Amino acid sequence: MITIEKIIKKKTKGKTLTKKEIDFFVNGYTKGEISDEVMTELLKAICAKGMKERETVKLTTSMLNSGKRIDLSDIGICLDKHSSGGVSDSTTLILAPILASLGLKMVKMSGRSLGFTGGTIDKFETFSANTSLSLEEAKQIANKVGAVILCQTEDLVPADKKIYALRDRTNTVASLPLIASSIVSKKLASGAKVIVLDVKYGEGAFMDNLVEAKKLAKLMVKILRKNKVFACAVVSDMNQPLGNNIGNFMEVKEVISSLKEGKESRLLTLSKTIASLLVSMKENISLNLATKKVDVAVSEGQAYEKLKEMVLAQGGNLDLFKKEKLEFISVNSETSGYIKSVKTKELGELTHELCRIKGCKGVSILKKVGDKIGLGEEIIRIYAPKKYFEMFYRKYLDCIEISKTKTNPLPLIYDILK
Ligand code: URA
């Protein structure tokens, strides 16, 4: 007879679990038949001993089967992307209108901010857009506009909901099989058939080891493909914020200007790369041709027009971002040299704290790693009333490390798994 005690013992010895054993603990914990304490023991054993690829596939399937799979086939083949989480990552808000302007469909289920990372839902709601949509409402909008952004439904992979919450409380998040099964089960349940995963590597990401980040990307792509989903992955940098701005209001401002002006930046380049990979897989065309289509959608303004349409369709208003003079505090460098490193996680946390205060809108980071900086030159702009100078000035300044010796800029993309 299978028991949870026997499963824990087996995993503690580093042995491979069977499908029946995996289903036993996933179903047992989801139904409340296994306690948090006992499940934590098993999660710790998995973190320590890992899982074989075939076990991870079984775990993903078992979690997927804990809930309903969303069927999007009535609106056509849908595209999706997933970021493993970072700071100033607004790629979804840029790539969704690009894809929709090219006639493609995206029903994007997203989450809210978690810890130091930002959340697409919070950002999209900055337009006063409604993201609490039923699946039927979302499908109607996707049919009309092409793309829609909505809150993840409550019943999406119930096993992950419970297990992820426990992992968060028990410091058992950092495990390749647990992360892979958590992300992939949700992606499979969301109904998209063409998916790009954006695995973040760096100080401001869950993965701070490049080799592990690449392994995770490869594993997730493999499981998605086994489930007949067209998938590829990028491993991208999170050793500094992706965009120039942090904080929902400021990040959305950057999304608008990126699509309106098409000026190249790390944020726009990564968004266009992910969009191109999706277009290439969906249309079965070369990445070169897909990139050209995506470039035209941005440079000729169709993607910007589509963003306006998306916001309007969800009851939002782009005029909220019309020119408004924002009060700001300049943070100036106390030395000259080169930007050596950026405490990305801390910048994310600090800006969450800042933005909880009424009237504070976020920050602009005016320099990237490798940039030259002069004594007294502005390095960060805090969009907040001047009275908050004392509270934040030094904390922000301390997030940027400057060295006298020249440093190289950071890569944006470390790998693309096509
Ligand atoms: N994001 C998820 O959805 N799950 C994880 O385990 C880690 C990041």
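The structure holds 1 cavity of 30 Å³ or more. This is a predicted model. The largest cavity has a volume of about 50 Å³. Its lining draws on several parts of the chain. F25, M39, L43, I46, L59 and M63 are among the lining residues. Further along the sequence, D160, I163, R167, L178, S181 and S182 also line the largest cavity.

Helices frame much of this lining. At least two lining residues come from each of α3 (36–49), α4 (53–64), α8 and α9. By class, the lining of the largest cavity has 8 nonpolar residues, 2 polar ones and 2 charged ones.

Two of these names lead to the ligand. R167 and S182 line the largest cavity, and both also belong to the set of residues that surrounds the ligand. The other members of that set are Y164, I179, I183 and K186. The shell around the ligand divides into 3 nonpolar, 1 polar and 2 charged residues.

Now take the polar atoms. K186 places a polar side-chain atom 2.5 Å from an oxygen atom of the ligand. R167 also has a polar side-chain atom by a ligand oxygen, at 2.8 Å. S182 faces another kind of atom: an N or O atom of its side chain lies 2.7 Å from a nitrogen atom of the ligand. How much of the ligand's accessible area does the protein cover? On its own, the ligand has 230 Å² of accessible area, and the protein covers 91% of that.

Which elements give two or more residues to the shell around the ligand? They are α8 (158–170) and α9 (176–189). Of these, α9 supplies the largest share, with 4 residues. The helices α8 and α9 thus appear twice in this account: they contribute to the ligand shell and to the lining of the largest cavity.

One more site deserves a look. E21 sits in helix α2, which spans residues 19–30. Is E21 buried or exposed? E21 counts as buried because its relative accessibility is 13%, and the cut-off for buried is under 20%. The side chain of E21 has a partner. A polar contact of 2.9 Å links it to the side chain of K10. F25, a residue of the cavity lining, falls within the residue range of helix α2 as well.

Notes: Residues are numbered from 1 along each chain as its sequence is written. This is a predicted model: local features need pLDDT of at least 70, side-chain atom pairs count only at pLDDT 80 or more; totals for chains, interfaces and linings use all residues. Side-chain values use heavy atoms; hydrogens and water are left out. A residue is near a molecule or strand if one of its heavy atoms lies within 4 Å of it. A polar contact is a pair of N or O atoms within 3.5 Å; within protein, one must be able to donate a hydrogen and the other to accept it, and residues adjacent in sequence count only if both atoms are side-chain atoms. Accessible areas come from the Shrake-Rupley method with a 1.4 Å probe; for residues, only the protein chains shown count as cover. Ala, Val, Leu, Ile, Met, Phe, Trp, Tyr, Cys and Pro count as nonpolar, Asp, Glu, Lys and Arg as charged, and the others, Gly among them, as polar. On a 1 Å grid over the protein atoms alone, a cavity is a set of points where a 1.4 Å probe fits but cannot get out, and a pocket is an open set with protein on both sides within 12 Å along at least five of seven lines; lining residues have an atom within 4 Å of a point. Grid points are joined across faces, edges and corners, and a volume is the space filled by probe spheres set on the points. Buried means under 20% relative accessible area, exposed over 50%, partly exposed in between (1.4 Å probe, protein chains only).
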